Amino acid sequence: MFFWLLITFILGSAVGSFLNVVIDRTTRGETILGRSYCDYCKATLRTFDLVPILSFITLGARCRYCKKSLSWQYPLVETIIALLFVSSFLVLVQSGQLSVAALLYYFFLVSTFLVVAVVDQKFSLIPTTLVFAASLISLFYNYFYLSSGLFFEHVLAAFAASLFFLIIVLATRGRGMGEGDIVLGFLIGMVLGVKGAILAIFLAFLIGAVASLLLIICGKKSFGQTIPFAPFLALGFLTALFWAKPIIEWYLMLY
Ligand SMILES: [Zn+2]
């Protein structure tokens, strides 16, 4: 078991390293092929500069060639994806649903949501093409792996969730949420179904409200200033993806 967890962690950190490239290059309109280079001095990076997490530590968070500080985004994304891959593996083992298809599906979902969260945080935009592609993959996955009743429930949840965000966008005239959140709601509903999507969106608003309050208290934001919402949707989504069942059971037990 430990061996598999270690392999999953290493695989996750490598995928995280690739996602960093995807995040930075696609938003700049560059191709994702070609060798990695330093953002400042454009020096081509060698293999030993590109070991996930470890290179960042051994280089002391600086470029080997120009000594400029490297962005914390790189080791953070690598570590978070590695941990999300390990969590996916553990959750699937515990729920007795472990299969290659389910594992790859979870890996794909956590990667998608991390990219969406980081891109929204960094550039205030949601990569809608990626979200649409992920929704399509989720539709196919549900079609093959869910009963027909559940399949329709998930499709319904997708439309209901995007309608919910559409209403918010119209009601706030685009100041509260963006069009990207409508598309992201669709994906959340498609993956999680009705109950899971409600939980994910509820958690997103809860965490978002607490975070906004803290930012206002710390004086980092003023009241009425918007903050990117996708990172909170991603947090709500991941929590629901991994723990919807125990959380909902716990909630129902309160009554
Ligand atoms: Zn450099």
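The following paragraphs describe the domain arrangement, the zinc site, the helices and selected backbone features of a predicted model.

The protein is divided into two domains, with domain 1 covering residues 1-98 and domain 2 covering residues 124-255. A distance of 26 Å separates the C-alpha centres of domain 1 and domain 2.

A zinc ion is coordinated by the SG atoms of Cys-38, Cys-41, Cys-63 and Cys-66, at 2.3 Å. The angles subtended by the four donor atoms around the zinc ion range from 103 to 118°; the arrangement is therefore tetrahedral, since four donors are classed in this way if all angles lie between 85 and 135 degrees. Along the sequence, the donor residues follow the spacing C-x2-C-x21-C-x2-C. Distant parts of the chain are linked by the pair Cys-38 and Cys-63, which are 25 residues apart. Of this pair, Cys-38 lies in the loop between helix 1 (2-27) and helix 2 (54-58), whereas Cys-63 lies in the loop between helix 2 and helix 3 (73-94). The accessibility of the donor residues was also examined. Cys-38 has a relative accessible area of 5% and is therefore buried, the criterion being a value under 20%. Cys-63 is likewise classed as buried, at 3% relative accessibility. Cys-66, in contrast, is partly exposed because its relative accessible area is 29%. With a disulfide taken as a pair of cysteine sulfur atoms within 2.5 Å, the count of disulfides is zero.

The loops that carry Cys-38 and Cys-63 also contain residues with positive phi values. In the loop between helix 1 and helix 2, Ile-53 has a phi near 60°, a positive value in a residue other than glycine. The relative accessible area of Ile-53 is 17%, so this residue is buried. In the loop between helix 2 and helix 3, Ala-61 has a positive phi near 60°, and Ala-61 is a residue other than glycine. Ala-61 counts as buried because its relative accessibility is 17%.

Helix 1 comprises 26 residues and extends 37 Å from its first C-alpha to its last, close to the 38 Å expected at 1.5 Å a residue. This helix is followed by Gly-29, which has a positive phi near 75°. Thr-27 belongs to helix 1 and is partly exposed, with a relative accessibility of 30%. The C-alpha atoms of Thr-27 and Val-119 lie 8.0 Å apart in space, although these residues are 92 residues apart in sequence.

Helix 7 (residues 179-217) departs from the span of a straight helix. Its 39 residues would reach 57 Å in a straight helix at 1.5 Å a residue, but the end C-alpha atoms are only 29 Å apart. A bend of about 125° occurs in helix 7 at Gly-193. Gly-219 follows helix 7 and has a positive phi near 75°.

A further pair of residues distant in sequence comprises Thr-129 and Val-183, which are 54 residues apart along the chain and whose C-alpha atoms are separated by 9.5 Å. Thr-129 is located in helix 5 (residues 128-145). The relative accessible area of Thr-129 is 65%, and the residue is therefore exposed, as the threshold for this class is a value over 50%.

Notes:
Residues numbered from 1 in each chain as written. Predicted model: local features only at pLDDT ≥ 70, side-chain atom pairs only at ≥ 80, totals over all residues. Heavy atoms only, no water. Domains from an automatic or database assignment. Helix = DSSP H or I, 4+ residues; strand = E, 2+ residues; numbered from the N terminus. Expected span 1.5 Å × (residues − 1). Bend = angle between axes of the 7 residues up to and from the residue. Donors = N, O, S within 2.8 Å, 3.2 Å for Na, K, Ca; no water. Tetrahedral: all angles 85-135°; square planar, octahedral: opposite > 155°, others 65-115°. Buried < 20%, exposed > 50% of the residue type's maximum accessible area, 1.4 Å probe, protein only.
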